[in-house]
Every structure is written in C-alpha cells, then in structure tokens.
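This report goes through a structure piece by piece, beginning with a sheet and then turning to the helices. Please keep the sequence and the model in view while reading.

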Amino acid sequence: MTSADAPVRPESPSASSANGDQKHRKNRKRSRSHRRADDDNASANANGTHALAERRSSVSKPARDFRDMPELSPKKKKKTAKASSALSPIDAAADSSLTRSPSPVIDFDGLSRPSLGTRARLDETAEQKAERMERMKGAVRTLLECVGEDPDREGLLATPERYAKALLFFTKGYQDNIRDVVNKAIFQEGHNEMIIVKDIEVFSMCEHHLVPFTGKMHIGYIPNNAVIGISKLPRIADLFARRLQIQERLTKDVANAIMEVLKPQGVAVVMESSHLCMVMRGVEKTTSSTITSCVLGCFESKEKTRNEFLSLIGVNRR
Ligand SMILES: [Zn+2]
C-alpha cells in the first residue's frame with residue numbers, strides 16, 4: 001500500500017454497495033479511455049484519490065465546511081495519480097495527521113461530522129455572535145407572528161432570545177471536538193471482557209421536524225486491551241445527540257466514533273427513544289418507542305457476543 005492510499009478504506013457498512021460499484025465502474029471506464037497505458041499501480045492510486053474526495057461527502061452525506069474540501073483540481077488529481085511518490089498537499093496532510101480517519105463521523109481535526117456552519121460557530125467573533133443572535137431572534141419572532149401570536153406581549157418579549165439560546169444549546173454538539181471529550185481517558189488495561197454502560201439518557205433533535213426525541217442509549221464494547229473512561233461513553237453519546245439527528249444515524253455515529261477512537265474488538269449501541277414528532281403530531285402514538293441498533297466488530301460477527309449484550313441490557317426480555 002502506498003502512502004497515498006493510506007486514507008482510503010472500505011466504506012462503512014452503511015455505504016451503499018451500488019454506489020461503490022458505480023464508482024468502480026466509473027474509474028475503470030476512465031482508465032480505459034484516457035489512461036490506457038497507465039500501470040495498475042497508477043490506477044489504484046487514481047482510485048484512492050477519487051475515493052478520498054468521494055469519502056468527504058459520502059455515507060450519511062454530511063454537509064462540510066468548504067474550508068475542509070479538497071483543493072485538488074481534476075488536472076492535479078491525474079498528476080497525483082501518475083506520480084505515486086509525489087503526495088498532494090491533501091494527501092501529505094492526511095499522512096502527517098494521526099487522526100486523519102477513514103470514518104465518516106470524525107474529521108481529521110477531531111470535529112465530529114462537522115456541518116456547514118461548524119467552523120463559523122467555532123471561530124466567530126463577539127460581533128458575529130451578536131449578529132447571529134439577532135438573526136435568530138428575528139426568525140423566532142416571525143414564527144410567533146405566523147402562529148398568530150403577538151410577539152410584543154409581555155410573556156413573549158424575551159422568548160425569541162430564549163429560544164435562540166436554547167436552540168444553540170440543543171445543537172452544541174456540532175462544535176464539540178472528540179479529542180477534547182476523550183482527552184487522555186484511554187487506558188491500556190489489558191482488559192478484554194465486555195463493558196456496558198446502559199440507560200444513558202439522550203436528548204436529541206429530529207432533523208425532520210425540529211422537535212426533540214429523547215430516550216436511552218446502551219453502549220457496550222469489548223476492549224482490545226485499551227479501555228476508555230466510563231464517563232466518556234455518555235459524553236460521546238451527547239456529542240452526537242446535540243445536533244439535528246435521526247435516531248438511526250445517531251446510533252451509528254456513536255458506534256463508529258467509539259470504534260474509531262478506541263479501536264476495540266467490537267462495539268454495540270442500542271437506542272430506544274420516543275419521538276415527539278410521533279407522539280404530539282402525525283400518528284400520535286404516545287406509548288411507542290423506536291429501537292435502533294448498530295453492532296460493529298465482534299458484536300457483528302459473533303451471535304453469542306451480541307446476544308450476551310442484548311440480554312445484559314435487557315432489550316430482548318421485554
Ligand atoms: Zn420527526
């Protein structure tokens with residue numbers, strides 16, 4: 001494997017294989033028509049560069065900050081592909097960054113699946129912050145007017161500001177950095193038995209209706225010698241919950257992030273939650289709960305391990 005290939009990896013289990021095939025076909029076609037003479041190594045490299053570019057907007061299609069986008073022009077890409085020893089600036093950066101990860105959930109700088117405005121929120125000045133607040137307040141005022149309220153009556157006077165602040169809190173996960181969260185809490189213990197933290201309270205926001213969904217998350221993993229501080233698991237769950245989410249992706253994000261920062265033998269995440277968008281509107285099923293799970297590594301490959309986890313968290317007893 002050449003160093004230019006390093007950031008490339010098989011797409012996560014959630015990636016559509018059809019997409020992969022398509023990509024492959026596209027690459028093959030290109031190499032046939034334009035670079036017939038190139039050797040296998042070069043086309044593998046082209047594949048790699050292409051896959052890296054693809055990876056940045058793939059899987060759950062995260063919206064990314066434009067400053068994170070690769071700056072390679074198509075012309076430059078080809079050049080990189082041909083000269084396998086010469087690394088492009090992007091590849092070089094990838095190479096030198098230890099946490100340049102193949103994961104769709106954590107970016108190279110430790111920000112977890114940053115969205116379009118993550119950096120704007122992180123880097124903003126006091127004036128920009130005030131400007132953001134004014135815009136949000138205006139928007140909430142409009143909403144109040146649109147539902148037929150009088151935003152100037154006493155009870156609602158401070159509501160736009162309160163709601164804006166609340167919304168920024170509900171989505172503070174966008175700004176959290178997984179490196180700060182994990183912060184030296186990985187210990188080489190030589191422990192290889194299952195560890196479970198169950199009933200972690202999770203509050204998130206449904207990205208389809210902007211109303212909360214709340215519930216409990218159960219996280220289990222089997223270490224590969226290294227263990228993570230127990231309290232970090234709820235913090236990782238929170239990091240991904242405090243943003244606009246769907247439960248399926250939240251479950252997957254948490255599992256993938258733990259897999260990535262800890263490199264255990266396996267991770268299992270189960271989440272049960274109640275969606276206000278279901279309870280208060282739509283089908284109005286007040287007692288239903290939605291269960292999602294994501295199992296990786298040995299939890300995926302060994303039924304016995306998976307069942308042990310499920311019976312310990314008590315999900316399959318109900
Ligand atoms: Zn919803």
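Which residue of β5 stands opposite cysteine 206? In this model, which is predicted, the residue facing cysteine 206 is glutamine 245 of β5. The strand β5, residues 244–245, runs parallel to β2 and is joined to β2 by 2 bridges.

**The sheet**

An open sheet is built from 5 strands in the order β5-β2-β3-β6-β7, and the pairing within the sheet is mixed. Because β5 and β7 (290–297) each have a single partner strand, they stand at the edges, and one side of each is left without a neighbour in the sheet. Helix α9, residues 232–241, packs on this sheet and touches β2, β3 and β5, with a direction that makes about 20 degrees with that of β2. Helix α10, residues 247–262, lies across β2, β3, β5, β6 and β7, and runs at about 25 degrees to β7.

Strands β2 (residues 195–206) and β3 (residues 212–222) pair in the antiparallel sense, over 9 bridges. In the hairpin that they make there are 5 residues between the strands, and leucine 210 takes a positive phi near 55 degrees there. The table sets out pairs of residues that stand opposite one another in β2 and its partner strands.

| Residue | Opposite residue | Partner strand |
|---|---|---|
| valine 197 | isoleucine 219 | β3 |
| isoleucine 200 | methionine 217 | β3 |
| cysteine 206 | glutamine 245 | β5 |

**Helix α13**

Helix α13 covers residues 303–313, and Thr305, Phe309 and Ile313 are buried in this helix. These buried residues lie on the same side of α13, because they cover an arc of only 60 degrees around the axis. An α-helix has 3.6 residues a turn, so residues three or four places apart point the same way. On the other side of α13, by contrast, Glu303, Lys304, Asn307 and Ser311 are exposed. The buried residues of α13 pack against the strands β2, β3 and β6 (266–275), and also against α12 (298–301), which ties this helix to the description of the sheet above. After α13 comes glycine 314, with a positive phi near 80 degrees.

**Helices α6 and α7**

Helix α6 (residues 126–146) and helix α7 (residues 159–170) pack with their axes 8 Å apart and at an angle of about 115 degrees, and their crossing is right-handed. On the α6 side the contact is made by Met133, Met136, Lys137, Val140, Arg141 and Leu144, which meet Thr159, Pro160, Glu161, Tyr163 and Ala164 in α7. Sorted by character, the residues of this contact comprise 7 nonpolar, 1 polar and 3 charged.

**Arginine 121**

Is arginine 121 buried, partly exposed or exposed? Arginine 121, which is found in helix α5 (residues 118–123), counts as partly exposed because there are 17 C-beta neighbours inside 10 Å, whereas 20 or more would be needed for a residue to be buried and 12 or fewer for a residue to be exposed. Once the neighbours within four places in sequence are left aside, arginine 121 is in contact with Tyr174 and Gln175. Arginine 121 and lysine 172 are 51 residues apart in sequence, and their C-alpha atoms are 9.5 Å apart in space.

Technical notes. Residues numbered from 1 in each chain as written. Predicted model: local features only at pLDDT ≥ 70, side-chain atom pairs only at ≥ 80, totals over all residues. Pairing = 2+ DSSP bridges. Helix = DSSP H or I, 4+ residues; strand = E, 2+ residues; numbered from the N terminus. Arc of directions from axis to C-beta. Contact = placed C-beta atoms within 7 Å. Axes fitted to C-alpha atoms, helices over the stretch in contact; angles between N-to-C directions. Left-handed = near helix turned anticlockwise from the far one by under 90°. Nonpolar A, V, L, I, M, F, W, Y, C, P; charged D, E, K, R; others polar.
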